[in-house]
Amino acid sequence: MNSLNIMVVGVGGQGTLLTSRIIGRVALSRGYDVKMSEVHGMAQRGGSVVTFVRFAKTVREPIVEEGDADLLISFEKLEALRYAHFLKKSGKIIVNDCTILPMTVVTGAASYPDNIIETLKSDHDVTVIDGNKIAAELGNSKVSNSAVLGAAARVIGFEKDIWLSAIEQSVPPKTIDINKKAFLMGYGE
């Protein structure tokens, strides 16, 4: 792998920033130059959160431009639809089959689109994962992001043990085991 441009998107509180940091830690451990940029929307109020992670032999800019993302990792379906235009033609989407209604929908000012997954699949290579179901099976709703990261790790590459080590170094100590279990379930084990 020479380089990778990744966008991680979600809604405030879904673990977007933590996931980006884990990806960056993994790439750094393999000798890549890594640049990250965080774009906070109304994260505290359930708004969009976008992060960019770029790694290569040398990376000069942290921002991924429209049409340049190799991978879009989304923790919520509408967020995947909202940012899909950032993908290259050959780009891939990993999307959590999760619905979180934005404030405009809650207040009745807008409606939540139907058939988001099907719409995404009509133009993109999409892998759908139910990270919330995995988290529920494990008894902790906060680890759905680790399940989604597990699915994304298959696309990104690197050895599974490096991912598990990065999770261990990044999450609170009392949540290490459950985050690793969620990752492995998302990874397909």
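This section describes the pairing of strands 1, 4, 5 and 6 and the packing of helices 6 and 8 in a predicted model.

Strand 4, which spans residues 69-74, has pairing partners in both strand 1 and strand 5. With strand 1 (residues 3-11), the pairing is parallel and comprises four bridges. Within this pair, valine 9 lies opposite serine 74 of strand 4. With strand 5 (residues 87-96), strand 4 likewise runs parallel, and five bridges join the two. Leucine 71 is placed opposite lysine 92 of strand 5, and isoleucine 73 has isoleucine 94 of strand 5 as its bridge partner. The connection between strands 4 and 5 passes through helix 2 (residues 77-83), forming a β-α-β crossover of right-handed sense. Strand 4 is mostly covered, with six of its six residues buried.

The pairing continues from strand 5 to strand 6 (residues 125-129), again in the parallel sense and over five bridges. Here isoleucine 94 is matched with threonine 127 in strand 6. Isoleucine 94 thus has bridge partners in two strands, namely isoleucine 73 and threonine 127.

Asparagine 5 belongs to strand 1. Its relative accessible area is 10%, which is under the 20% limit, and the residue is therefore classed as buried. Leaving aside residues up to four places away in sequence, asparagine 5 is in contact with Val53, Arg54, Val64, Asp68, Ala69, Asp70 and Leu71. One of these contacts, Leu71, is the residue that stands opposite lysine 92 in strand 5. In a regular strand, side chains point alternately to the two faces of the sheet.

A further contact region involves two helices. The packing of two helices is described by the angle and the distance between their axes. For helix 6 (residues 144-156) and helix 8 (residues 176-187), the angle is about 45° and the axes are 6 Å apart. Angles from 35 to 65 degrees fall outside the roughly parallel and roughly perpendicular classes, and the two helices are therefore oblique to each other. Their crossing is right-handed. On the side of helix 6, the contact is made by Ser146, Ala147, Leu149, Gly150, Ala151, Ala153 and Arg154. These residues meet Asn179, Ala182, Phe183, Gly186 and Tyr187 of helix 8.

Terms used. Residues numbered from 1 in each chain as written. Predicted model: local features only at pLDDT ≥ 70, side-chain atom pairs only at ≥ 80, totals over all residues. Heavy atoms only, no water. Pairing = 2+ DSSP bridges. Right-handed = clockwise from strand over helix to strand, strands pointing away. Buried < 20%, exposed > 50% of the residue type's maximum accessible area, 1.4 Å probe, protein only. Contact = heavy atoms within 4.5 Å. Axes fitted to C-alpha atoms, helices over the stretch in contact; angles between N-to-C directions. Parallel < 35°, antiparallel > 145°, perpendicular 65-115°, else oblique. Left-handed = near helix turned anticlockwise from the far one by under 90°.
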